[in-house]
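This report describes two ligand sites and one helix of a protein model. The sequence and structure are shown first, and the description follows.

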Amino acid sequence: MINNETARLDVALVYPPWPVLDDRAILQNSLPPLGLLSIASYLESLDYSVRIHDVHGEKLDDVILAERLRAERPRFIGISVLTNMSIPAHAIAKLAREVVPDAVIVMGGVHAEALPERTLRNSAVDYVVRGDGEETMREIVEGRSPRDIQGLSFREEGKVRNNPARRIEMNLDRYPFPAYHLVDFKNYFPAVGSYRNLPAINMLMTRGCPGKCAFCNSARTVLRTRDADAAVAQIKHLNQKYGIRQIQFYDDTFTVMKKNVLKFCKGLEAEKLGVTWTAYIRGDCFSDDMAAAMKAAGCHQVLVGIETGNAEVAARLGKPIDRKKYYEAVKIAHRHGMEVRASFIIGNLGETWQSMVDTLEFAIDLDIDLFQLNISTPYPGTALFNEVKQRGWLRHENWYRYGQGEMLYDQPQMSEAEIRCFEKYAFRRFYMRPRAMLRMLKRVANVRHIRDYVLAATVLLFGIHKKKGRSSWDCWTELREEDFLDLEFSEQPPFRLTYELRQGREFEELEHA
Ligand code: B12
Ligand code: SF4
């Protein structure tokens, strides 16, 4: 189905930049966008021609992106949107419309799907896809009428029409391996402190999470897993074709389906590839036999979102803590020689100075290896967003600043100054302990690790950030959302939760109303 006659590309998929303004981003991974890679490989398997432009990973400016799109003249342009990249995403849609006026422009991803009416106020966006994008994008590219495409939102007669949700695909093995061949591995790197070997790449075993956390878009989404053998085959392919020696599993909770994890570990160990890997676990989804199998298969670090050490705050987060389970999980990981990287959130609803101290004390007492701290951020599509919005506490909707590095809602009992002060104190208190320092030294396996530590220390402990000079990439960082929203709709969109809109309840109700 490649368009030989007109030499047009069928589909260009674009991953927008995420704010370089947040200096802590330099400590984070930059690995390929797996959602777009999955859509790309599925469309390629159906003989469509596809390219990926990772504006973030490739550090593309608007001139280069425009040149590429002009040369390719794609019939369809898909843009992936998380909250903190949504303003540049709008700019990319406008740019795409100017350069390829007849292309159909589609947005997907958690931010676009949570706010379809707002997204479609940009006249350069034709469709918003809600939920998994593979099948919906296929139907769009096949030229189906938008009314007949499930999981699609679009403008019709001056209104936004939200079609019913699409049935959730339970068989993830229907989709081919992500289209890694469409990205250049040299543009990507793993997060500081998260790898043993290089080069590293990301992959997924599952989609969805049964957790109920108020701050998370993944809460209550339908859990599905790939077959363990397919995941082993993918790692073998990545190792043999690209020399990959480190995998970062990006599943919300890798260990949630125990039988499959054990099968995967056995299969990977048998391949003797020497690939090391990391994965997210939950305190209540981890056990001795699983840890033993994971370690034998090359896992060297587990990541766990503990969030808080205070029981009341935890209950409000929808993630009640069972301290015993966390102590146990850390012990199990250590017993099997795996590091524990744990993340926490401060500035939560109901937070006080004392509850933040509880969190820090808990982190220290747990004896974790790496400590990550974020500031509570209310993302559209989460219960937290709805609550702070309804209470009138949300400070602003400048999405650039939704990067978990600043306070976005006010609460009577807690000031921004307290949160900022605690953040600095916590990093110093945790990492400036002899035990923590010794551990870090022991972890050094190569020169790159030393470079990473210097970087982390300058940013987290001393607050020294990379000097910002102007560059051509600044074209993405100082835009205003309202400049792109050129349409108005009279209807007031309801507050939605990501899982509701993916599982279809709300839209089906609207349909039958
Ligand atoms: C791995 C991960 C990361 C990695 C890498 C992210 C990346 N760029 O790949 C790292 C650690 C770097 C990271 C960083 C951050 N992350 Co993160 N991350 C994830 C995680 C766990 C998995 C992402 C993934 O690969 N998903 C699997 C793929 C298959 O799903 P998908 O991307 O959603 O794509 C599917 C559909 O959404 C849809 N789709 C998506 N795009 C498009 C486009 C088109 C055209 C179409 C048709 C369909 C479509 O189709 C895809 C295939 O079915 C998600 C949670 C999750 N389960 O998604 C959080 C998540 C995306 N991250 C989140 C956050 C908050 C962040 C940070 C802000 C954290 C921080 N403190 O800095 C940064 C911002 C990064 C950024 N802007 O890209 C939030 C986003 C919330 C929001 N509303 O924006 C999520 C949802 C977790 C949560 N808390 O709820 N993250
Ligand atoms: S924070 Fe973790 S456990 Fe909670 S819903 Fe999100 S992915 Fe699931």
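Which helices and strands each supply at least two residues of the shell around ligand 1? In this predicted model, they are helix H1 (34-45), strand S3 (76-80), strand S4 (104-108) and helix H6 (134-141). H1 gives the most to that shell, with four residues.

**Ligand 1**

Ligand 1 is surrounded by 37 residues, of which Tyr15, Ser80, Thr83, Asn217 and Gln404 are the closest. By class, the shell around ligand 1 comprises 17 nonpolar, 16 polar and four charged residues. Polar contacts to ligand 1 involve both backbone and side-chain atoms of the protein, as the following table sets out.

| Residue | Protein atom | Atom of ligand 1 | Distance |
|---|---|---|---|
| Thr83 | backbone N or O | oxygen | 2.7 Å |
| Asn84 | side-chain N or O | nitrogen | 2.8 Å |
| Arg207 | polar side-chain atom | oxygen | 3.1 Å |

Thr83 thus appears both among the closest residues to ligand 1 and as the residue whose backbone atom lies 2.7 Å from a ligand oxygen.

**Ligand 2**

The residues around ligand 2 are Cys209, Gly211, Cys213, Phe215, Cys216, Ala219, Asp252, Arg282 and Lys319. This shell divides into five nonpolar residues, one polar residue and three charged residues.

**Helix H7**

Helix H7 spans residues 228-242 and has 15 residues. From its first C-alpha to its last, H7 reaches 21 Å, close to the 21 Å expected at 1.5 Å a residue. At the start of the helix, a side-chain oxygen of Asp227 comes to within 3.2 Å of the backbone nitrogen of Asp229. After the helix comes Gly243, which has a positive phi, near 70°.

Which residues of H7 are buried? They are Ala228, Ala231, Val232, Gln234, Ile235, Leu238 and Asn239. Viewed down the axis of H7, these buried residues fall within an arc of 155°, and therefore they line one face of the helix. Such an arrangement can be read against the general geometry of helices: an α-helix has 3.6 residues a turn, so residues three or four places apart point the same way.

The buried residues of H7 pack against three elements, namely strand S8 (200-203), strand S11 (246-249) and helix H8 (258-271). On the face turned away from this buried side, H7 carries the exposed residues Gln240 and Lys241.

Methods: Residues numbered from 1 in each chain as written. Chains lettered and ligands numbered in written order. Predicted model: local features only at pLDDT ≥ 70, side-chain atom pairs only at ≥ 80, totals over all residues. Heavy atoms only, no water. Near = heavy atom within 4 Å. Nonpolar A, V, L, I, M, F, W, Y, C, P; charged D, E, K, R; others polar. Expected span 1.5 Å × (residues − 1). Buried < 20%, exposed > 50% of the residue type's maximum accessible area, 1.4 Å probe, protein only. Arc of directions from axis to C-beta. Contact = heavy atoms within 4.5 Å. Polar contact = N/O pair within 3.5 Å; in protein donor to acceptor, adjacent residues only side chain to side chain.
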